[in-house]
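Colleague: I've got some questions about how you label things in this model. Can we go through them together?

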Amino acid sequence: MSRTLVKAALAATAPADSILLQGWVRTRRDAKAFSFLEINDGSCLKGIQVIADAGLPDYVHIQKANTGAAIEVRGKLVPSQGQGQQWEVVAESFKILGEADATYPLQKKGHTLEFLREIAHLRPRSNLFGAVFRVRSRLAFAVHQFFQDRHFHCVHTPIITASDAEGAGDMFRVTTLDLAHPPMTEDGAVDVTKDFFGKKTFLTVSGQLEGEIFAHALSNIYTFGPTFRAENSNTSRHAAEFWMIEPEVAFCDIHGNMDLAEEFVKYLIRDARTHCAADLEFFSKFVDKDLLTRLDFVLERPFQRCSYTEAVAILEKSGRTWEHPVSWGANLQAEHERYLTEEHFKCPVTVYNYPRAIKAFYMRKNDGETPERQTVAAMDLLVPGIGEIIGGSQREERLDVLREGMALHHLDEKAYSWYLDLRRYGSVPHAGFGLGFERMLMFVTGVGNIRDVIPFARTPGTADF
RNA sequence: UGCCCGGUAGCUCAGUGGCAGAGCAGGUGACUGUUAAUCACUUGGUCGUAGGUUCGACCCCUACCCGGGCAGCCA
């Protein structure tokens, strides 16, 4: 007999004489003559109720069917006599596959997220984390579907990179050298030519530069992979290892880029609303009461757009006193971004055209501006509750202007010869952005800490499991 | 990295310079359909660690460790 998933059993349209369930016991309630078991197999949020009559030959083992135990049940799927569920299974035989004794940490009651983080190997068996990781799986699929439907090609950019100045933060060093006894050069430095790659290498902080290469060949591309930042960031929205989606589009400017970002974010929300309805309702009930109304509101109205210069004017006119002063040329701080998206616009907002001095070298210089107010075609998509969820830009496609930008940022052209070549041979306007997958999941689920939307979080001082 | 809050039973927490507490979980029993079942009884403690103050410290002080929040950095 083949296994029936709980999800399929609960969705049955007719009784079944004989089904096989396999899963984990969530709870057991004993009466004198029978026991109720709730079995969950992760296929969906809900479990299915199983009734084991005391007359069953296996019934002597029922005491081993504790919360957490793995169990196999054969029986009939019948309409439930009780309230609360349409179907239930009358057991004809059951087998304990894996016992769980009283030390099983997941109780039949609510646990704090902090406690569950410490038992990350068991937390996917909880309602909340089961739901989070089902949504994560679905949205990972939706990312590919969105881009594939629009004729984007998926590019697997390298995890290990030798360029150490991509401008997106501190990097993790990759080496096979013996750190206790590294090979040394004559002048007393570590001899990196003896390292595995013959040079210093790091974990990637972005696939963008390599993505640009492929956009200049396949036109529309995206990457979706792990990204590593060695920043000592201790906040609810930073992880040292996270997943990022980076589309790169040839023949596209900053406005097309903002359009794509908005369409993408809305697509993912809509996909979760459609395909993860039960899980989202669970979040709405237990995590964030306003979740569903907020998601629907976001789907309905266009995202606001405002230039950095307009944003600064809005902040100056707000009458607020800021911890970090607002002035043209300074970066927008979290308090400013929160004000814009949560109070002023009360919806997602894309801020674009930032001062050149505070942005990366590869962002396209805007024409016709004064040196004092020189901007680049950068954009950040801010959402309520999280802040920046997307950062991107139109890239500088003009060789001379790009070289000027590199000089401004004190970058060595030799290290970027291949990047400059893209501007020498068939250069085209192009643009792209990076979406933080975990931040998107936080927004869609309402879960407030990035450590709770990634299976095994890597943060400063923590790399367990 | 800085500032702030916390660490007491398996979990969530209360507590007070003078005998270590509750709810849930676990155990035993009861219960003819329960559904975070219910009812009765019950086991369970290095009060984060190390010093210090004190007749006496879970409580006050210092350092450290761990967790969380916020900020910076960013996605």
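Modeller: Sure, let's start with isoleucine 160, which counts as partly exposed because its relative accessibility is 36%, and partly exposed means between the cut-offs for buried (under 20% relative accessible area) and exposed (over 50%), using a 1.4 Å probe and protein chains only. Keep in mind that this is a predicted model, where local features need pLDDT of at least 70, side-chain atom pairs count only at pLDDT 80 or more, and totals for chains, interfaces and linings use all residues. Residues are numbered from 1 along each chain as its sequence is written, chains are lettered from A and ligands numbered from 1 in the order in which they are written, and side-chain values use heavy atoms, leaving out hydrogens and water.

Colleague: Where does isoleucine 160 lie?

Modeller: Isoleucine 160 lies in strand 7, residues 160-161. Strands (E, at least two residues) and helices (H or I, at least four) are DSSP runs, numbered from the N terminus.

Colleague: What makes the nonpolar surface patch?

Modeller: Ile159, Ile160, Phe196 and Phe197 make that patch, about 390 Å². Patch residues have over 30% relative accessible area and no salt bridge; nonpolar side chains (Val, Leu, Ile, Met, Phe, Trp, Tyr) are joined within 5 Å, like charges within 9 Å. The areas come from the Shrake-Rupley method with a 1.4 Å probe, and for residues only the protein chains shown count as cover.

Colleague: Why is the contact of aspartate 279 and arginine 134 called a salt bridge?

Modeller: A salt bridge needs a side-chain nitrogen of Lys or Arg within 4 Å of a carboxyl oxygen of Asp or Glu. Aspartate 279 and arginine 134 have N to O at 3.1 Å, so that pair fits the definition. Aspartate 279 sits in helix 6 (residues 277-286) and arginine 134 in helix 3 (residues 127-149), so they tie together parts 145 residues apart in sequence.

Colleague: Is aspartate 279 buried or exposed?

Modeller: Buried, with a relative accessible area of 7%. Arginine 134 also counts as buried, at 19%.

Colleague: Which residue does arginine 136 meet in a salt bridge?

Modeller: Glutamate 438, at 2.9 Å, N to O. Arginine 136 is in helix 3 and glutamate 438 in helix 12 (residues 437-445), 302 residues apart. Both are buried.

Colleague: How many salt bridges does the structure hold?

Modeller: The structure holds 30. Arg364, Asp367, Glu396, Glu397 and Arg398 are linked in a network of them.
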